[in-house]
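Subject: Structure handover

Hello,

Here is the structure you will be working with. Please open it first, then read the notes below.

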Amino acid sequence: MQFNTYTVAGAHIAVWLVNHPSPDAPSLAAALARYDVHQPAPAAGDARSLTPWAGRLRGVFEAGTVAEKAERADALLVAADCRPRLVSHGAGLPFHFHYAPVRTGLPARVKALTAAGVAHVIDGGGGSRLRACGRPGCGIVFLDTSRNGRRHFCSVRCANQVNVASHRLRRRQAHAGQR
Ligand SMILES: [Zn+2]
Ligand SMILES: [Zn+2]
């Protein structure tokens, strides 16, 4: 699966939004611009209005099975009124999907784009790569773009903390077994 396409950009934006559920306008605009979203500047109140949506997106990453992720992502496609259209911004410029018309406003477009993004990852067979960090209490979500798809932590720091903790636990159990 390719993770750098404009189509999957929606999944990367979903990750960003779940990890920044109450964004301010400038950081939302910067995050969207990073993925070439058309007219990324939010109007007043747009950024904060996405907080409940970030919570619903989180549900996709935290679902235990791919079937559950798919069910939740499918519900988001409906909730976002996702209607893919092929758009070009001028003669000779490339055609690409818009998932909601520009005139519907930024929050509606972000909802449609992120719903489509996670849905495309699932459609591409990568549903299990939509993950929440394996360290209890961390809460950061990510799209596992590693080759083998076995990344279970958001960062080396979280991986180390869990490894140290389970190493200590094993050592305690081994000592307990000797008594
Ligand atoms: Zn466009
Ligand atoms: Zn983590």
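Start with His89, which counts as partly exposed at 37% relative accessibility. For this label, buried means under 20% relative accessible area, exposed means over 50%, and partly exposed is in between, using a 1.4 Å probe and protein chains only. His89 binds a metal: its NE2 atom, together with NE2 of His96 and NE2 of His98, coordinates the zinc ion (ligand 1) at 2.0 to 2.1 Å. Donors are N, O and S atoms within 2.8 Å of the metal (3.2 Å for Na, K and Ca), and water is not among the atoms, so sites may look incomplete. Along the sequence, the donor residues of this zinc ion (ligand 1) follow the spacing H-x6-H-x1-H.

Before going further, some notes on the source. This is a predicted model, in which local features need pLDDT of at least 70 and side-chain atom pairs count only at pLDDT 80 or more, while totals for chains, interfaces and linings use all residues. Residues are numbered from 1 along each chain as its sequence is written, chains are lettered from A and ligands numbered from 1 in the order in which they are written, and side-chain values use heavy atoms, with hydrogens and water left out.

The second metal site

Which residues coordinate the zinc ion (ligand 2)? The donors are the SG atoms of Cys133, Cys138, Cys154 and Cys158, at 2.3 to 2.4 Å. The angles that these four donor atoms subtend are 105 to 115°, so the arrangement is tetrahedral. (Four donors count as tetrahedral if all angles lie between 85 and 135 degrees; four count as square planar and six as octahedral if opposite donors are over 155 degrees apart and all others between 65 and 115; anything else is irregular.) The spacing of the donor residues in sequence is C-x4-C-x15-C-x3-C. Two of these donors are buried: Cys133 has 10% relative accessibility, and Cys138 has 18%.

Cys82 is also buried, with a relative accessible area of 18%. How many disulfides does the whole structure have? The search finds zero, a disulfide being a pair of cysteine sulfur atoms within 2.5 Å.

The chain as a whole

The protein chain has six helices and four strands, in the order α-α-α-α-β-β-α-β-β-α along the sequence. Helices (H or I, at least four residues) and strands (E, at least two) are DSSP runs, numbered from the N terminus. The C-alpha atoms fill a box of roughly 75 × 35 × 30 Å along the principal axes. Of the 179 residues, 38% count as buried.

Helix H2

In helix H2 (residues 25–34), the buried residues are Leu28, Ala29, Ala31 and Leu32. They lie on the same side of H2, because they cover an arc of only 165° around the axis. The arc is that of the directions from the helix axis to the C-beta atoms. On the face turned away from the buried side, H2 carries the exposed residues Pro26 and Arg34. Asp36, just after H2, takes a positive phi of about 60°.

Salt bridges

A salt bridge is a side-chain nitrogen of Lys or Arg within 4 Å of a carboxyl oxygen of Asp or Glu. The count comes to four, and three of these pairs are described here.

- Arg58 and Glu62 meet at 2.8 Å, N to O. They are four residues apart in helix H3 (residues 51–62), so about one helical turn separates them. Arg58 is partly exposed at 23% relative accessibility, and Glu62 is partly exposed at 46%.
- Asp81 and Arg83 have their closest N and O atoms 3.0 Å apart. Asp81 is partly exposed at 42%, whereas Arg83 is exposed at 53%.
- Asp144 and Arg131 have their closest N and O atoms 2.8 Å apart. Asp144 lies in the loop between strand S4 (141–143) and helix H6 (156–178), and Arg131 in strand S3 (residues 130–132), so the pair ties together parts that are 13 residues apart in sequence. Both Asp144 and Arg131 are buried.

The aromatic pair

The whole structure has one aromatic pair. The ring centres of Phe97 and Tyr99 are 5.7 Å apart and the planes are at 35°, so the pair is tilted. (Rings of Phe, Tyr and Trp, its six-membered ring, pair if their centres lie within 6.5 Å; planes under 30 degrees apart count as stacked, over 60 as edge-to-face and the rest as tilted.) Phe97 is partly exposed at 34% relative accessibility, while Tyr99 is buried at 5%.

Regards
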